[in-house]
Amino acid sequence: IGYNLLQQSKAIGEANLTLLAVLYNNIKTLLQVQSSRDYKALGINFWQAKNVLPFKNNYSNGELVNAMQIIRTVEKGIKTGTVPDELSVEYVLVQIM
């Protein structure tokens, strides 16, 4: 499913930086929901929590933090020209998996 969504997003012209930002925010939300007993106190609304709850405890907090660091490194690389934009999302997914 994830790969199909990636292909659909690219087909409609979504920017790689946008896709990386969405991925980063979803991972961050998952980390917050997974680490807290009361996600509402963190300002996470029901819809955001509902989207990540099926993945709760599938990954350790360390894995999630590592994934966020990989995404930030690639984003910085795209912006500085050291990482090619064309395969950036695929690269991140391979590194995370």
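Let me start with Phe55, which is partly exposed because its relative accessible area is 43%, where partly exposed lies between buried, under 20%, and exposed, over 50%, with a 1.4 Å probe and protein chains only. Phe55 sits in the loop that runs between helix H3 (46-52) and helix H4 (61-80), helices being DSSP runs of H or I of at least four residues, and strands runs of E of at least two, numbered from the N terminus.

Together with Tyr59 and Met97, Phe55 makes a nonpolar surface patch of about 360 Å². Such a patch joins nonpolar side chains within 5 Å, from residues with over 30% relative accessible area and no salt bridge, that is, no side-chain nitrogen of Lys or Arg within 4 Å of a carboxyl oxygen of Asp or Glu; the areas come from the Shrake-Rupley method with a 1.4 Å probe.

I should say that this is a predicted model, in which local features need pLDDT of at least 70 and side-chain atom pairs pLDDT 80 or more, while totals for chains, interfaces and linings use all residues. Residues are numbered from 1 along each chain as its sequence is written, and side-chain values use heavy atoms, without hydrogens and water.

Turning to the whole chain, we have five helices and zero strands, and the C-alpha atoms fill a box of roughly 40 × 25 × 20 Å along the principal axes. Of the 97 residues, 29% are buried, and the accessible surface comes to about 6600 Å², with 56% of that belonging to carbon and sulfur atoms. Finally, among contacts (heavy atoms within 4.5 Å) with a separation of 6 or more, 62% link residues 24 or more positions apart.

How values were computed
Patch = residues over 30% accessible without salt bridge, like charges linked within 9 Å, V, L, I, M, F, W, Y side chains within 5 Å.
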